[in-house]
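Work through the following exercises with the sequence and the structure at hand. Each task is followed by a solution in steps.

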Amino acid sequence: MNIVEDILEKMDPDKRIALINAAMKEFGLNSFEKASTNVIVREAGISKGLLYHYFNNKQAIYDYMVDFWLNRTMKDVLDHVDFENGDLLGRIAGVTEYKIRLFMRYPGIIDFTKGFYANKTFDELKLIADELAPNFYQRFYQENVDFSLFRQGVDIQKALNITQWTVEKFAEGMIAVWQSTGKLDVDGLKAELDQYLDMLKATFYK
């Protein structure tokens with residue numbers, strides 16, 4: 001845990017979550033130069049003095065948000081993967097469920113992710129991921145995966161692409177519902193996601 005994280009742990013949990021969401025949203029919707037700390041404190045419902053009690057300047061705020069985002073969306077993802085289970089499609093769906101719960105707690109991550117990805121190539125993102133979680137993509141898509149589950153003749157890469165697109169679109173829909181209504185039946189959405197997964201398995205698996 002870094003020094004800022006250690007200090008923030010002493011902050012009121014609701015205020016901490018509000019601050020993280022407000023900062024991520026502001027940095028996600030704007031460039032670093034245009035992002036406003038005034039907007040952040042207003043959206044977070046805290047004073048500017050309190051903000052600068054935890055951070056020296058705007059750069060420190062941004063650096064913390066990047067670190068927080070990377071840990072939650074990459075490093076922590078691996079902690080939610082059952083590497084003993086060789087079912088790769090199930091692995092993808094499981095991570096999607098984790099991310100839906102994450103986005104419900106930190107909706108600001110959605111805007112921050114879009115902004116962070118906007119000006120970076122896949123190779124740049126892969127390098128960032130590998131620095132934080134070495135061999136992230138290789139581990140996720142290859143470690144202990146039972147490729148014999150796939151039907152003969154199935155293009156595995158295309159099957160993975162279709163699965164990824166399906167679960168990501170599903171997740172986007174669920175997040176949109178939650179943002180508009182403030183309600184989401186997590187158990188119900190898991191059951192629905194499992195139905196999509198069963199259809200995909202019936203198509204691609206033996």
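**Exercise 1. Determine how the lining of the largest pocket divides by residue class, and which elements supply it.**

Step 1. In this predicted model, the lining of the largest pocket is made up of 22 nonpolar, seven polar and four charged residues.

Step 2. The lining counts 33 residues, and those nearest the pocket centre are Lys99, Thr113, Tyr117, Gln164 and Glu168. Two or more lining residues come from each of α5, α6 (88-105), α7, α8 (122-132), α9 (136-142) and α10 (156-181).

Step 3. The greatest contribution is that of α10, with ten residues.

Step 4. The volume of the largest pocket is about 1,200 Å³.

**Exercise 2. Describe the second largest pocket by volume, lining and class.**

Step 1. A volume of about 230 Å³ is found for the second largest pocket.

Step 2. Its lining includes Phe27, Gly28, Asn30, Ser31 and Phe32, as well as Tyr62, Phe112 and Lys120. The elements that supply two or more of the lining residues are α2 (13-29) and α7.

Step 3. With four residues, α7 has the largest share of this lining.

Step 4. Sorted by class, the lining of the second largest pocket holds six nonpolar, five polar and one charged residues.

**Exercise 3. Place isoleucine 109: which helix holds it, is it buried or exposed, and what does it contact?**

Step 1. Isoleucine 109 belongs to helix α7 (residues 108-118).

Step 2. The relative accessible area of isoleucine 109 is 0%. The cut-off for buried is under 20%, so isoleucine 109 is buried.

Step 3. Neighbours within four places in sequence are set aside; the contacts of isoleucine 109 are then Met24, Phe68, Trp69, Thr73, Leu102 and Phe103.

Step 4. Glycine 28 lies 81 residues from isoleucine 109 in sequence, and the C-alpha to C-alpha distance between the two is 8.1 Å.

**Exercise 4. Go through three of the salt bridges and classify the exposure of their partners where a value is available.**

Step 1. Side chains of opposite charge can pair when their charged atoms come close. The structure contains five salt bridges, and the cut-off to apply is a nitrogen-to-oxygen distance within 4 Å.

Step 2. Aspartate 76 and arginine 72 are joined by a salt bridge at 3.8 Å, N to O. Both residues are in helix α5 (residues 58-79), four residues apart, which is about one turn of the helix. Arginine 72 has 23% relative accessibility and therefore counts as partly exposed.

Step 3. In the salt bridge between arginine 139 and glutamate 143, the closest N and O atoms are 2.8 Å apart. Arginine 139 is partly exposed because its relative accessibility is 29%. Glutamate 143, with a relative accessible area of 31%, is likewise partly exposed.

Step 4. Lysine 158 and aspartate 155 form a salt bridge whose closest N and O atoms are separated by 3.4 Å. The cut-off for exposed is over 50%. Lysine 158 reaches 52% relative accessibility, so it counts as exposed. Aspartate 155, at 39%, counts as partly exposed.

**Exercise 5. Identify which residues touch the most other members of the largest nonpolar core, and list the contacts of leucine 19.**

Step 1. The largest nonpolar core has 67 residues, and Leu19, Phe55 and Met65 touch the most other members. The element giving the most to this core is α5, with ten residues.

Step 2. Outside the four places on either side in sequence, leucine 19 contacts Leu8, Met11, Ile40, Ala44, Ile46, Leu51, Phe55 and Met65. Phe55 and Met65 thus appear among the contacts of leucine 19.

**Exercise 6. Summarise the chain as a whole: how many helices and strands are there, what are the dimensions, and what percentage of residues is buried?**

Step 1. The chain has eleven helices and zero strands.

Step 2. The C-alpha trace spans about 60 × 40 × 30 Å along its principal axes.

Step 3. Of the 206 residues in the chain, 42% are buried.

Step 4. Among contacts in the chain with a separation of 6 or more, 72% are between residues 24 or more positions apart. The pair of isoleucine 109 and glycine 28, examined earlier for its C-alpha distance, is 81 residues apart.

Terms used
Residues numbered from 1 in each chain as written. Predicted model: local features only at pLDDT ≥ 70, side-chain atom pairs only at ≥ 80, totals over all residues. Heavy atoms only, no water. Salt bridge = Lys/Arg side-chain N within 4 Å of Asp/Glu carboxyl O. Buried < 20%, exposed > 50% of the residue type's maximum accessible area, 1.4 Å probe, protein only. Contact = heavy atoms within 4.5 Å. 1 Å grid on protein atoms, 1.4 Å probe; cavity = no way out; pocket = protein on both sides within 12 Å on 5 of 7 lines; lining within 4 Å. Points joined across faces, edges and corners; volume = space filled by probe spheres on them. Nonpolar A, V, L, I, M, F, W, Y, C, P; charged D, E, K, R; others polar. Core = buried A, V, L, I, M, F, W, Y, C linked by side-chain atoms within 4.5 Å.
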